[in-house]
Amino acid sequence: MPLIPITPLHTSRLTVRGVTAADLTQLLPINADDRVTHHLPYASWQSMSDAEAWLTRIEGLQATGGTQQWVVTRRESGEVIGAAVIFKYDEASARAELGYLMSQAHWGQGLMREALSALLDHALARHAGAGATEGLRRMEAEANPLNTASNALLQRLGFTREGTLRQRWTAKGKTYDTHIWGLLRDEWLAASQTQRSKP
Ligand SMILES: CC(C)(COP(=O)(O)OP(=O)(O)OC[C@H]1O[C@@H](n2cnc3c(N)ncnc32)[C@H](O)[C@@H]1OP(=O)(O)O)[C@@H](O)C(=O)NCCC(=O)NCCS
C-alpha cells in the first residue's frame with residue numbers, strides 16, 4: 001500500500017502541507033541558518049540555487065513514492081516556519097523515517113510537536129472503515145545524542161529510544177553516534193485515545 005497521499009493538515013496554530021516551489025524563498029533563510037543545520041548532515045544553504053537543487057532532488061524522490069516533503073506554516077498568515085519529511089518508506093514493512101526542522105525564531109513554543117502530532121496522526125493512522133486501518137505501522141527517527149531538542153521532542157511525542165548506533169554518521173568533518181527512535185502505530189493510537197478520554 002502506498003503512503004497516504006499528502007493533504008493539508010490543520011492544527012490550532014498551523015497548517016502542514018506539501019512543499020511547492022513557491023515555498024523556497026521562505027525555506028532558504030531557515031536552511032541558511034547554521035544554528036538550524038548544526039546537527040543536520042548537509043551544509044547550510046547559500047543561495048536560491050541550493051534551494052532549487054534541493055527541490056529538484058526532493059521531487060525526484062517523491063516521484064518514486066518513497067518520500068513526502070511537507071512544510072509547516074502558520075495557519076493564519078501562511079508563513080513557512082519549518083519543514084518535515086517522511087522518507088525511506090519501506091512498503092512491505094509499512095515503515096518510514098521522519099525528519100524535521102523549524103526556524104530558530106519559532107523554537108521552544110511547542111510548534112514542532114503540534115506539527116508532528118498532526119503528521120503522525122495522518123501517516124500512522126487513517127481509519128478506512130469498520131475496524132480497518134491503513135498507513136504506516138512504524139515510524140523511525142535518528143538523532144545525534146548531542147541534539148537535545150530533537151531527542152526531547154521525540155520522547156515527548158512518545159517515541160521509544162531503541163538503541164544507539166556507534167559512529168553511524170560522518171558529516172561536516174565529524175563522526176558521531178546516532179540514537180534510533182521508534183514509534184508504533186498501536187502506541188500512537190493508544191496514547192491518542194488516552195489523551196482524548198481525559199476530562
Ligand atoms: C528539533 C526542533 C525541530 C524542535 O522544534 P521546536 O518547535 O522548538 O520543539 P517544541 O517546542 O515542539 O518542543 C517539543 C518538546 O521538546 C522539548 N524541547 C524542545 N527544545 C528543547 C531543548 N532545547 N532542550 C530541552 N527540551 C527541549 C520541549 O520542552 C517540548 O516538550 P514540552 O512540550 O513538554 O515542553 C528544533 O529545535 C530544530 O529545528 N532544530 C534544528 C533542526 C534539527 O535538529 N532537526 C532534527 C534533526 S534529528
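Which residue in β2 stands opposite histidine 10? In this predicted model, the residue facing histidine 10 across the strands is threonine 15. That pair is a handy place to start, since it belongs to a small piece of a bigger sheet. Strands β1 and β2 pair in the antiparallel sense, with two bridges between them, and a hairpin of three residues takes the chain from β1 to β2.

Threonine 15 has a partner in β3 too: it stands opposite threonine 73. Here β2 and β3 run antiparallel and are joined by five bridges. Strand β2, which spans residues 14-18, is mostly covered, with four of its five residues buried.

Zooming out, these strands are part of an open sheet of eight strands. Read across the sheet, the order goes β1-β2-β3-β4-β5-β8-β10-β9, and the pairing is mixed. At the edges sit β1 (9-10) and β9 (160-171), each of which pairs on one side only. As a bit of background, side chains in a regular strand alternate between the two faces of the sheet. The protein as a whole has six helices and 10 strands.

Further along the sheet come β4 and β5. Strand β4 covers residues 80-90 and strand β5 covers residues 95-102, and seven bridges hold the two together in the antiparallel sense. Within this pairing, valine 85 sits opposite glycine 99 of β5. Two residues around here have backbone angles worth a look. Lysine 88, which lies in strand β4, has a phi near 50°, a positive value in a residue other than glycine. Lysine 88 counts as partly exposed because its relative accessible area is 48%, which falls between the 20% limit for buried and the 50% limit for exposed. Alanine 94 also has a positive phi, near 50°, and is likewise a residue other than glycine. Alanine 94 belongs to the loop between β4 and β5.

A helix lies over this part of the sheet. Helix α1, made of residues 24-31, lies across β3 (68-74), β4 and β5. Its direction is about 90° to that of β4.

What happens toward the β9 edge? Strand β8 (residues 138-143) and strand β10 (residues 174-184) pair in the antiparallel sense over six bridges. One of the matched pairs is arginine 138 with leucine 184, its bridge partner in β10. On to the next pairing: β9 and β10 run antiparallel and share eight bridges. Arginine 161 stands opposite tryptophan 181 of β10. A hairpin connects β9 and β10, with two residues between the strands. In that turn, lysine 172 has a positive phi of about 50°.

Two serines in helices give a closer view of how side chains are placed. Serine 150 is part of helix α5, residues 148-157. Its relative accessibility is 10%, so serine 150 counts as buried, the cut-off being under 20%. Leaving out neighbours within four places in sequence, serine 150 is in contact with Tyr100 and Ala143. With tyrosine 100, the side chain of serine 150 also makes a polar contact of 2.6 Å.

Serine 117 is found in helix α4, residues 111-124. With a relative accessible area of 21%, serine 117 is partly exposed. Not counting residues up to four places away in sequence, serine 117 touches Leu157 and Trp188. Serine 117 and serine 192 are 75 residues apart in sequence, yet their C-alpha atoms are 9.6 Å apart in space.

How does the whole thing pack? Among contacts with a separation of 6 or more, 60% are between residues 24 or more positions apart. Of the 199 residues, 45% count as buried. The radius of gyration is 17 Å, which agrees with a compact globule, because a globule of 199 residues would have a value near 16 Å. Along the principal axes, the C-alpha atoms fill a box of roughly 50 × 40 × 35 Å. The protein exposes about 10,700 Å², and carbon and sulfur atoms supply 52% of that area.

Key
Residues numbered from 1 in each chain as written. Predicted model: local features only at pLDDT ≥ 70, side-chain atom pairs only at ≥ 80, totals over all residues. Heavy atoms only, no water. Buried < 20%, exposed > 50% of the residue type's maximum accessible area, 1.4 Å probe, protein only. Polar contact = N/O pair within 3.5 Å; in protein donor to acceptor, adjacent residues only side chain to side chain. Contact = heavy atoms within 4.5 Å. Pairing = 2+ DSSP bridges. Axes fitted to C-alpha atoms, helices over the stretch in contact; angles between N-to-C directions. Rg over C-alpha atoms; globule rule 2.2 N^0.38 Å. Areas by Shrake-Rupley, 256 points an atom, 1.4 Å probe, with all protein chains shown as cover.
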